[in-house]
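Visitor: Please take a close look at a single part of this model, the surface near the RNA strand, and describe how that surface is made up.

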Amino acid sequence: MARERPPGAPAVGRRQRGGPPLRRGFIGSARGAGGGGSGLPACCEGRPGGHGGTWHRSRDAGGRDGTGEGVGRRRPGPRRGRGSGRVAGEGGGVPGRPLRPSGHVRRTGHEGHRRGRRPQGREEPLESTTRRPEGASVSLRVRFAPSPTGYLHVGGARTALFNWLLARKEDGVFVLRVEDTDQARSRDEHTEAILHGLSWLGLDWDEGPYFQSDGVERHRAAALQLLEEGKAYRDFSDPDEIRAEAERRQKHASRVARERADALPDGEAEERAEAGEPHAIRFRVPAGETRFSDRVHGTMRFGNTDIDDLVILRSDGTPIYNLAVVSDDHEMGINLVLRGDDHLSNTPKQVLLYRALGYPEPEFAHVPLILGADGKRLSKRHGATAVGDYEEQGILPEAMRNFLALLGWNPGDDREVFLEVEELVEAFSSERILKKSSVFDTEKLEWLNGRHLAEMPAGELLDRVHGRLRSVEHADAALLADEAWMTRLVDLLKVRSRTVDELADGALPFVRTELVFEEKAVAKHWEKDPPAAEERMKRLLEVLEDTEWALDPLEEAIRGVADELDVGAGKVIHPLRLAVTGRQSSPGIFQVLVLLGRGRTLERLRNGLERVRAL
RNA sequence: GCCCCCAUCGUCUAGUGGCCUAGGAUAUCGCCCUCUCACGGCGAAGACCGGGGUUCGAGUCCCCGUGGGGGUACCA
């Protein structure tokens, strides 16, 4: 059933062409635009025209790319050969401005991958239950399906990463679908944040984003099909009432609902439905046992008596998640559903729906959740949980990706630092995904980030550093604009920083015209013995006037001063460092001086001398 | 309550019956390098949740506990 391009999933999708205007027409904004009305009615009212409308509109608009080309991948990598200081990579751009979801995605190089390995001759790694016509190889189709009810959570990001990694590795297709059927909680803003987060991580999708809400008609049709085939029933009962009765009788609520439905005389349900009486549609869970195989957990078995007759269509006519995913995953030809462990118990329900609907079942892979430092589910109280938070803290997307990949997975050898994403793609395999949930350890993240930072060419770091220096007071604009000089500076700082923030902080003494003096350092290197400090600095000033401004001569001169005054080099270097940087620590002093230049060095030294004299 | 999943140093993990006196990484501590801070090098300390089995032999297989997590919605 080579569903290379599912009929409705369209060869189109909503490509994020140029800009942020992400889809002003769907639920969230439609509601918002309504101006304060209650949520539900607005949505329902908007449905026929609204949803469908946007779908078609964008389909038309997207007509130019019926090729199925990836969204983010197509853009000629803005990153290479960027000449001007224009921010290309990390969305650094203007803070707060909605970023284009994929336009700025760093090219990941997987295209080379694709070219290099055609799926044809290879053994098909996907043991899908889906049988295909002999010879035809069906490529892996995976998806990431976040619901826009919050920002991109690190757990979600990891799930997305695994899917992406697998798709790239197996030459498959990575589909992005936004599950926005929870009208009350879904928001455009969140969708944007999620797309931005994915793009930031370099996880470009090949299709989508599709919006689940666009499929409601199809979902509804599926529910109706089940109803017609007697695999589902109409439930006219009041939820609260059912719950109460279920409690009284110690039964599952859904079984009570089923009893009531079954007790209805023939034809009555149809009549009442016809008459417009509101009711939900419930799936009738068959007797027996439901099994499915899971790539990480192996064979899973659930007794059907433990599975409720789930509602598949609400009384307002909107579909419920479990039905919507099944319908969508089928529609989009997803053949491996890799998602969080929290869906494990949803899976038998979905498997049952696949079977009832006559859809081929995909394979499943449930990856463990990510926990906080206390072993509890990662949540806000553990600090930053949104990938955007880490972006702000100056974590590099490369490092984040690397770190996330290592959470619940390992390459089977000692490698931990994957500088190139290609290496990660190469090493990744779903067989090595762990079952155990893991704790999100920010210390290790920062260590990894430090490693990436140290290895990254300074030139590539420039934009990010600039982004953080933009609002610095007393900044020397000329220096900031001097790319060559900034590169040298970043080169000195990157190895001693764990985050871009830290790096930018280290740059402060160099790019500011006014120094801020660390009290601790002043106390230690000046205040303790002002006359000595004064003497050393004075002498330095004299000597440096005539020293050739280069690494070796400077070192020679400064050590010479120390010898002359008969003290260790540190005794003259510390007061000097304090004078020229205001700090207790900095990159190697000779390099600092070279970078600062004679003029600024001497000026700062003079100012320092004055300060010392005033002590 | 019921169903399901999981369980090796603080943390990330290697380990698929003998190669384990349990390996690596991080974090911590010490030493070295050194003008400081980092980096780097060397070293220390640190774990098989408990109890039963199976086996000549168990971190590894089975059972029972315990602990943690997830689900149990007209949320996704």
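Guide: By class, the surface near RNA strand B in this predicted model has 19 nonpolar, 18 polar and 25 charged residues. Here Ala, Val, Leu, Ile, Met, Phe, Trp, Tyr, Cys and Pro count as nonpolar, Asp, Glu, Lys and Arg as charged, and the others, Gly among them, as polar. In total, 62 residues surround the strand, where near means that a heavy atom of the residue lies within 4 Å of it. The closest are Asp 182, Arg 314, Gly 408, Asn 410 and Glu 416. On the RNA side, sugar and phosphate account for 74% of the atoms of strand B that come within 4 Å of the protein.

Several elements each supply at least two residues of this surface, among them β5 (280-283), β7 (298-303), α15 (442-455) and α24 (589-614); helices (H or I, at least four residues) and strands (E, at least two) are DSSP runs, numbered from the N terminus.

Individual polar contacts (pairs of N or O atoms within 3.5 Å) reach both backbone and bases of the RNA. A backbone N or O atom of Gly 408, one of the closest residues, lies 2.3 Å from a phosphate oxygen of strand B. The bases are approached by Arg 577, with a side-chain N or O atom 2.6 Å from a base oxygen, and by Ser 586, with a backbone N or O atom 2.6 Å from a base nitrogen.

Residues are numbered from 1 along each chain as its sequence is written, and chains are lettered from A and ligands numbered from 1 in the order in which they are written. Local features need pLDDT of at least 70 and side-chain atom pairs count only at pLDDT 80 or more, while totals for chains, interfaces and linings use all residues; side-chain values use heavy atoms, with hydrogens and water left out.

Note on methods: A polar contact is a pair of N or O atoms within 3.5 Å; within protein, one must be able to donate a hydrogen and the other to accept it, and residues adjacent in sequence count only if both atoms are side-chain atoms.
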